[in-house]
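Here is a short tour of the structure you have in front of you. Keep the view open as you read, and turn it as each topic comes up.

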Amino acid sequence: MSWGKLLQPDLMLESSILSLTPDIIQHHRLKGLVLDVDETLVPITSAQACAELSPWLEAIQQVATLWLVSNNISENRIKRIAEPFNLPYIIGAGKPSRRKLRRAVTAMGLPPEQVGMVGDRLFTDVLAGNRLGMFTVLVKPMVDPAEAARRYPVHTFEVWLSQALGASLTPGKP
């Protein structure tokens, strides 16, 4: 598989994870979601989820099984985010490695093509999900406005490089 295809999300949303609706999930026949944590669910500078995340998670849990899979190695941080929502989680995933993603998918009892990998990074989340055969969803990062100037250059570079390698990164219709 070419780099362009490995870095091509199946769905690219124009805003944060909060724009991923139960209808979109059902439209794509997904039964489970693996969610990245840092800058996908919460800004990396936050120790807990924003108020809008709770109703979103409740709505999504009506249609899909959820797991958090993070490259972050701080169990205290990820646990503080996962526990209020009773979400299982894996830390130190080493994405784009597939090993710990596969563990979450296996725990769901679903085939990878029925599970979405949702994240804000092309070279970790999308690449790992595509390598495992998952449905990949790229969302805009949730960043603290004070951090945006520092963090967006990484995302901008990833988008540029992915396009240079052949990925078509234009937001699609959910």
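Helices (H or I, at least four residues) and strands (E, at least two) are DSSP runs, numbered from the N terminus. With that numbering, Arg29 falls in the loop between helix 2 and strand 2. Please bear in mind that this is a predicted model. The briefing starts with the sheet, moves on to strand 6 and helix 3, and ends with some backbone details.

**The sheet**

- Six strands form an open sheet in the order 1-6-5-2-3-4, and their pairing is parallel.
- Strand 1 (11-12) and strand 4 (89-90) are the edge strands, each pairing on one side only.
- At one edge, strand 4 is joined to strand 3 by two bridges in the parallel sense. To find this pairing in your viewer, look for Leu68, whose bridge partner in strand 4 is Tyr89.
- At the other edge, strand 1 runs parallel to strand 6, again with two bridges. Here Met12 stands opposite Leu138 of strand 6.

**Strand 6 and its neighbours**

- Strand 5 (residues 115-119) pairs with strand 6 in the parallel sense over four bridges. Within strand 6, Val137 is the residue opposite Val118.
- What links up with strand 5 and strand 6 to make a β-α-β unit? Helix 6 (residues 122-132) does, and the unit is right-handed.
- Strand 6 is covered on both faces: Phe135 and Val137 are buried on one side, Thr136 and Leu138 on the other.

**A closer look at Thr136**

- Thr136 belongs to strand 6 (residues 135-138).
- Is Thr136 buried or exposed? Thr136 has a relative accessible area of 0%, so it counts as buried.
- The side chain of Thr136 makes a polar contact of 3.1 Å with the side chain of Asn130.
- Leaving aside residues up to four places away in sequence, Thr136 touches Gln8, Pro9, Asp10, Leu11, Met117, Val126, Gly129 and Asn130.

**Helix 3**

- Which residues of helix 3 (residues 53-61) are buried? They are Leu53, Trp56, Leu57 and Ile60.
- These buried residues lie on the same side of helix 3 because they cover an arc of only 95° around the axis.
- Their packing partners are helix 2 (22-27), strand 2 (32-35) and strand 3 (65-69).

**Backbone details worth a look**

- Most residues other than glycine have a negative phi, and most peptide bonds are trans. The residues below depart from that pattern, as their own values show.
- Arg29 is not a glycine, yet it has a positive phi of about 60°. With a relative accessible area of 66%, Arg29 is exposed.
- Glu39 also has a positive phi, of about 70°, without being a glycine. Glu39 sits in the loop between strand 2 and helix 3.
- Is Glu39 buried or exposed? Its relative accessible area is 2%, so Glu39 is buried, whereas Arg29 is exposed.
- The peptide bond from Lys95 to Pro96 is cis, with omega near 25°. Pro96 itself lies in the loop between strand 4 and helix 5 (99-108).

Technical notes:
Residues are numbered from 1 along each chain as its sequence is written. This is a predicted model: local features need pLDDT of at least 70, side-chain atom pairs count only at pLDDT 80 or more; totals for chains, interfaces and linings use all residues. Side-chain values use heavy atoms; hydrogens and water are left out. Buried means under 20% relative accessible area, exposed over 50%, partly exposed in between (1.4 Å probe, protein chains only). The arc is that of the directions from the helix axis to the C-beta atoms. Contact means heavy atoms within 4.5 Å. A polar contact is a pair of N or O atoms within 3.5 Å; within protein, one must be able to donate a hydrogen and the other to accept it, and residues adjacent in sequence count only if both atoms are side-chain atoms. Two strands pair if DSSP finds at least two bridges between them. A crossover is right-handed if, with the strands pointing away from the viewer, the path from the first strand over the helix to the second runs clockwise.
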